[in-house]
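Thank you all for making the time this morning. I would like to take you through one model, going from charged pairs to rings and then to strands and turns, so please keep the picture in view while I talk.

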Amino acid sequence: MSIAFVREKEGGEAFEDLPDRPLSPHTNFVTREGLAQIEAEVARLEKEASALDPEDKAENARVSRDLRYWSARKNSAQLVEDVEGDTVHFGATVTVIREDETEQTFRIVGEDEADPAKGSISYVAPLARAITGKSVGDVVEVNGQEVEITAIKR
């Protein structure tokens, strides 16, 4: 373990001193599912914290750090209800076709719930930013490639 993460207390007892996880500078928009995931993580960590051995300093430090992070994310969460309209927006499921004719469908969600492998991207991702506010048939350039919006579902 790196010495940078261990600090001596008075009396020579070492304990883990983990830095806080960085919080995003972006507004913490969440879907209903995203808020539920955050709340479940806070509950899980609270339960885990109550069952920890007080002597396990490393595990206590990790759980405390993660609980601070998820509690802050829960407190800053701004639930976005269904948005009306025919343009790409937070919470929408969008299908695009790329220049090479590959089709991709994804849902635009909050940062903590984004999982590209499972078909969701963060609203601050370059692709999401480029297509937000656009309509079916619009073409945008992302990372030097054109993508056309072919479908938008609420």
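**Charged pairs, rings and turns**

Let me begin with Arg 154, which forms a salt bridge with Glu 84, the closest N and O atoms being 2.8 Å apart. Because Arg 154 lies in the segment after E9 while Glu 84 belongs to the loop between strand E4 (78-79) and E5, this pair ties together parts of the chain that are 70 residues apart in sequence. Both partners are on the outside in the sense we use here, Arg 154 being exposed and Glu 84 likewise. I should say at once that this is a predicted model, and I would ask you to hear every distance and angle that follows with that in mind.

In total, the structure holds 13 salt bridges, and some of them share partners, so let me turn to those. Salt bridges with shared partners join Arg 21, Glu 41, Arg 44, Glu 48, Glu 59, Arg 62, Arg 65 and Asp 66 into one network. Within that group, Asp 66 is a convenient place to stop, since its side chain meets that of Arg 62 in a salt bridge with an N to O distance of 3.2 Å, and also meets the side chain of Arg 65 in a salt bridge of 3.0 Å, again N to O. Arg 62 and Asp 66 both sit in helix H2 (residues 57-76), where they are four residues apart, or about one turn of the helix.

Are these side chains of Arg 65 and Asp 66 buried or exposed? Both of them are buried, and for Asp 66 the relative accessible area is 11%, which falls under the 20% limit that we use for buried. Arg 62, by contrast in its label, counts as partly exposed, with a relative accessibility of 24%.

Another member of the network, Glu 48, is found in helix H1 (residues 32-50). The side chains of Glu 48 and Arg 44 are joined by a polar contact of 2.7 Å. If we set aside the neighbours within four places in sequence, the residues in contact with Glu 48 are Glu 59, Arg 62 and Val 63.

Arg 21, which is also in the network, brings us to the rings, for its charged end sits over the ring of Tyr 69, 4.1 Å from the centre of that ring.

A search of the whole structure finds four aromatic pairs. In one of them, the rings of Tyr 69 and Trp 70 have their centres 4.9 Å apart and their planes at 85°, and the pair is therefore edge-to-face. Tyr 69 counts as buried at 10% relative accessibility, and Trp 70 is buried as well, with a relative accessible area of 13%. Phe 90 and Tyr 123 also form an edge-to-face pair, with 5.8 Å from centre to centre and 75° between the planes. That pair links distant parts of the chain, as Phe 90 is in the loop between E4 and E5 whereas Tyr 123 is in the loop between strand E7 (120-122) and helix H3 (126-131), 33 residues apart. Phe 90 counts as buried at 12% relative accessibility, as does Tyr 123 at 17%, and together with Phe 29 these two residues form one aromatic cluster.

Let me move on to the strands. Strand E5 (residues 93-98) pairs with strand E9 (residues 145-153) in the antiparallel sense, over six bridges, and strand E8 (residues 139-142) is joined to E9 by four bridges, those two strands also running antiparallel. Which residue of E9 is the bridge partner of Val 139? The partner is Glu 148, and Ile 97 stands opposite that residue too.

E8 and E9 form a hairpin with two residues between them, and in that turn Asn 143 has a positive phi of about 50°, although Asn 143 is not a glycine. Asn 143 is exposed, with a relative accessible area of 73%.

A second residue to look at in this respect is Glu 101, which is not a glycine but has a positive phi of about 75°. Glu 101 has its place in the loop between E5 and strand E6 (103-109), and it is exposed, with a relative accessible area of 60%.

Note on methods. Residues are numbered from 1 along each chain as its sequence is written. This is a predicted model: local features need pLDDT of at least 70, side-chain atom pairs count only at pLDDT 80 or more; totals for chains, interfaces and linings use all residues. Side-chain values use heavy atoms; hydrogens and water are left out. A polar contact is a pair of N or O atoms within 3.5 Å; within protein, one must be able to donate a hydrogen and the other to accept it, and residues adjacent in sequence count only if both atoms are side-chain atoms. Contact means heavy atoms within 4.5 Å. Two strands pair if DSSP finds at least two bridges between them. A salt bridge is a side-chain nitrogen of Lys or Arg within 4 Å of a carboxyl oxygen of Asp or Glu. Buried means under 20% relative accessible area, exposed over 50%, partly exposed in between (1.4 Å probe, protein chains only). Rings of Phe, Tyr and Trp (its six-membered ring) pair if their centres lie within 6.5 Å; planes under 30 degrees apart count as stacked, over 60 as edge-to-face and the rest as tilted. A charge sits over a ring if NZ of Lys or CZ of Arg is within 6 Å of the ring centre and within 35 degrees of the ring normal.
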